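Hi,

Here is the structure I promised to pass on. Have a look at it first, and then read my notes underneath.

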Amino acid sequence: MSSDFPYAIEPLEEKENDAIRKDFTGYLSGAVRVQPQGYFFQGIYRQYAHRYYNLSLRPTDVFVASYPKSGTTWTQELVWLLIHNLDYEGAKVPLDDRFPFVEADHVLDALVFQRPELKAKMKSTPEPGERLAQVTKLEDPRCIKTHMPFSLLPPKILDTCKVIYVARDPRDVVVSYYHHHRMWITHGFQGDFRAFFDYFLKDQVMWSPFWDHLREAWERRSHPNLLILTYDQLKEDLPAVIRKVAGFLGKEVSQEEIENLTKHLHFDSMKSNPAVNAVAEASTGLLDLKEGGFVRKGKSGGWKDYFEEDMKERFHAWMAEKGGSLPKEFKWMK
Ligand code: PPS
């Protein structure tokens, strides 16, 4: 703990770390937890924690924040287009360059700098801190993606800039996150879905615990600079979400513009759009577009094809115990 980062970062038990290093071949620096909530990260996070927490903010910044696999990319594309007055030509640039992921460095470093055999496979190798530097160099208005919970972001974030937080049913999140962990060599997950499910329920995956992450956003929901959306809302009525986000960002959109944007953001068009479906990242060697690709199935309720009976019960008990009133607020538990 230091004055520029107020939380303790503790390593996991050595036995737990050994299992994690074996099952997640990208996690060479092992894993740590940030107390008091126990947020789980690769050990390399130690080098970045204070830099994320003290990120210099601008009043024109717009953040899209989420627990991973909650509809971040979908929301980013929507937000970027609204902010840039529906510049579809400009939106052909890879999303990651237009709307960088501020904490990407701490996912990349372990792989690139400690595993020479993987480095050899990469077509280009990011430098440490490169992604954070990219964010600091962006012109206004900056669009920034983060998976950090509020407590690990700059404390003044909501008093300074706008944040759109998107949340998704954790049962769909765990399925999507499983495929994600198998696709990205930065995670390199070796196990099957059941094994990943166990890690998820133990909060031993990056950016967990899920419920604390969501609760931190929910507690701030009345702040005028925070808008909370859900993946289900985007699925059920995208034009209504576009109107809501436009209002939040102070943008006017006509009916025709809403219709065109709805078409652009449709699952089929996102799936075939190389600027948003991680083709650029795949070309560097960082991920292998297997497992159905980055824009994969795009379903609500797809978890039903993955969960066996005992898993349904365990997940339900976990939601009831850890989620408190949240699963009901979000209509994820009947
Ligand atoms: S990440 O890696 O955390 O930023 O991933 P994230 O973007 O949050 O989530 C990826 C999931 O969102 C789905 N997706 C969409 N669903 C419906 N319509 C559209 N347009 C869309 N774009 C992305 C994507 O397919 C991932 O979900 P799964 O369940 O894996 O398909």
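Before the notes, one bit of bookkeeping on residue classes: Ala, Val, Leu, Ile, Met, Phe, Trp, Tyr, Cys and Pro count as nonpolar, Asp, Glu, Lys and Arg as charged, and the others, Gly among them, as polar. This is a predicted model, where local features need pLDDT of at least 70 and side-chain atom pairs count only at pLDDT 80 or more, while totals for chains, interfaces and linings use all residues. Numbering starts from 1 along each chain as its sequence is written, and side-chain values use heavy atoms, with hydrogens and water left out.

The overall picture: the protein has 18 helices and 7 strands (DSSP runs, H or I of at least four residues for helices and E of at least two for strands, numbered from the N terminus). Its radius of gyration (over C-alpha atoms) is 19 Å, close to the 20 Å from the globule rule (2.2 Å times the number of residues to the power 0.38) for 334 residues, so the protein is as compact as a globular protein of that length.

Now the ligand. It is surrounded by 22 residues (each with a heavy atom within 4 Å of it), and the closest are Thr72, Thr73, Ser176, Tyr231 and Lys297. Three polar contacts (pairs of N or O atoms within 3.5 Å) are worth pulling up on screen:

- a ligand oxygen sits 2.6 Å from a side-chain N or O atom of Ser176;
- a ligand nitrogen is 2.7 Å from a side-chain N or O atom of Tyr231;
- a ligand oxygen is 2.7 Å from a polar backbone atom of Gly298.

On its own the ligand has 640 Å² of accessible area (Shrake-Rupley, 1.4 Å probe), and the protein covers 98% of that. Elements giving two or more residues to the shell are α3 (72-83), α9 (170-183) and α15 (267-271), with the largest share, 3 residues, coming from α3. By class, the shell has 8 nonpolar, 9 polar and 5 charged residues.

And the second largest pocket? A pocket here is an open set of points on a 1 Å grid over the protein atoms alone, where a 1.4 Å probe fits, with protein on both sides within 12 Å along at least five of seven lines; lining residues have an atom within 4 Å of a point. This pocket's volume is about 440 Å³ (the space filled by probe spheres set on the points). Of its 20 lining residues, Asp232, Phe330, Lys331, Trp332 and Lys334 are the closest to its centre. The lining has 6 nonpolar, 5 polar and 9 charged residues, and its largest share, 3 residues, comes from α12.

Cheers

Methods:
A polar contact is a pair of N or O atoms within 3.5 Å; within protein, one must be able to donate a hydrogen and the other to accept it, and residues adjacent in sequence count only if both atoms are side-chain atoms.
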